[in-house]
Amino acid sequence: MKKKTIFASVLVLLLLATSTAFACPPGFTEFTTTGVSWPISWPPEELPGGRLKYTAQATGTVRSDCTPGEICFDGAGFTFTEWILANPVGSKARNGGIMTITASGGAAVFEFQGTADASSVHGTFRALSGTGEYAGLSGGGRYEGIPDAGEGFWVRYFGRLSAEQ
């Protein structure tokens with residue numbers, strides 16, 4: 001009987017440890033933006049060394065799977081202004097900008113920077129501020145996606161975010 005009790009206790013502890021190991025870590029947030037962008041400075045400014053600088057804006061929607069206690073942006077809208085430094089031929093462009101997500105419960109502002117080419121974008125983002133349910137927003141993470149090729153774009157953001165509760 002004592003062996004069965006020890007075995008059952010070990011099994012319960014093993015199951016508890018395994019189930020929490022596969023759950024998302026506290027504060028982990030993932031969301032995806034889809035939208036369209038357009039240049040707001042055209043033609044691009046030519047910089048020394050042949051690099052081109054232009055500015056773009058975008059708008060769209062945000063989707064995320066939300067669980068209680070996580071920062072949730074599902075169904076929100078977003079806008080961003082992006083600055084792009086591109087080489088006229090080949091290599092990846094540098095990009096950076098400010099994105100504002102607006103939801104019924106408040107707004108969240110992020111800074112992002114990374115690289116882009118015709119087939120992918122990736123980089124890092126960080127929270128700058130928040131209002132309403134996003135008050136005291138902090139944290140950041142990484143992003144990756146597919147740039148706008150005239151038919152829209154999507155970008156997946158993943159990292160750790162927290163807000164005052």
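**Strand pairing, core and salt bridges in a predicted model**

In the predicted model described here, isoleucine 40 has a relative accessibility of 42% and therefore counts as partly exposed, since a residue is called buried under 20% and exposed over 50%. Isoleucine 40 lies in the loop between β1 (28–39) and β2 (45–46). Together with Val36 and Trp38, Ile40 makes a nonpolar surface patch of about 250 Å².

The protein chain has 165 residues, of which buried residues make up 31%. Its secondary structure consists of one helix and nine strands. Read from the N terminus, the order of the elements is α-β-β-β-β-β-β-β-β-β, with the helix placed ahead of the strands. The accessible surface of the chain comes to about 9,900 Å², and carbon and sulfur atoms account for 61% of this surface. Among the contacts with a separation of 6 or more, 47% are made by residues 24 or more positions apart.

Strand β6 (residues 106–116) illustrates how a strand can be covered by its surroundings. Nine of the 11 residues in β6 are buried, so this strand is largely enclosed by the rest of the structure. Strand β6 pairs with strands β5 and β7. With strand β5 (residues 93–103), the pairing is antiparallel and extends over 11 bridges. Within this pairing, isoleucine 98 has glutamate 111 of β6 as its bridge partner. The connection from β5 to β6 is a hairpin of two residues. Strand β7 (residues 121–130) also runs antiparallel to β6, and nine bridges join the two strands. Here the hairpin that leads from β6 to β7 passes through four residues.

Threonine 115 belongs to strand β6 and stands opposite histidine 122 in β7. Its relative accessible area is 15%, and threonine 115 is therefore buried, because this value falls under the 20% limit for buried residues. When residues up to four places away in sequence are left out, threonine 115 touches Lys92, Ala93, Arg94, Asn95, Ser120, Val121 and His122. Histidine 122, its opposite residue in β7, is thus also one of its contacts.

In soluble globular proteins, nonpolar side chains tend to be buried together. In the present model, the largest nonpolar core contains 25 residues. Phe31, Phe73, Met99, Ile101, Phe110 and Leu161 are the members that touch the most other members of this core. At least two core residues come from each of the strands β3 (52–63), β4 (77–86), β5, β6, β7 and β9 (153–162). Leucine 161 gives a view of the surroundings of one core member. Apart from its neighbours within four places in sequence, leucine 161 is in contact with Gly27, Thr29, Phe31, Ile71, Phe73, Phe110, Phe125, Ala127, Leu137, Ser138, Gly139 and Gly140. This list includes Phe31, Phe73 and Phe110, which are themselves among the members of the core that touch the most others.

Charged side chains were examined next. Four salt bridges were counted in the model. One of them joins glutamate 30 to arginine 156, with the closest N and O atoms 2.7 Å apart. This pair links distant parts of the chain, as glutamate 30 is in strand β1 and arginine 156 is in strand β9, 126 residues apart. Glutamate 30 is partly exposed at 35% relative accessibility, and arginine 156 is likewise partly exposed, with a relative accessible area of 24%.

Arginine 156 also meets the side chain of glutamate 144 in a salt bridge, with an N to O distance of 2.8 Å. In this case arginine 156 in strand β9 is linked to glutamate 144 in strand β8 (residues 138–146), 12 residues apart. Glutamate 144 counts as partly exposed, at 33% relative accessibility. Glu30, Glu144 and Arg156 are accordingly linked in a network of salt bridges.

A further salt bridge is formed by the side chains of glutamate 111 and arginine 126, at 2.7 Å from N to O. Glutamate 111 lies in strand β6 and arginine 126 in strand β7, 15 residues apart. Both residues are partly exposed: the relative accessible area is 29% for glutamate 111 and 45% for arginine 126. Glutamate 111 thus takes part in a salt bridge with arginine 126 and is also the bridge partner of isoleucine 98.

Conventions. Residues numbered from 1 in each chain as written. Predicted model: local features only at pLDDT ≥ 70, side-chain atom pairs only at ≥ 80, totals over all residues. Heavy atoms only, no water. Buried < 20%, exposed > 50% of the residue type's maximum accessible area, 1.4 Å probe, protein only. Pairing = 2+ DSSP bridges. Core = buried A, V, L, I, M, F, W, Y, C linked by side-chain atoms within 4.5 Å. Contact = heavy atoms within 4.5 Å. Patch = residues over 30% accessible without salt bridge, like charges linked within 9 Å, V, L, I, M, F, W, Y side chains within 5 Å. Areas by Shrake-Rupley, 256 points an atom, 1.4 Å probe, with all protein chains shown as cover.
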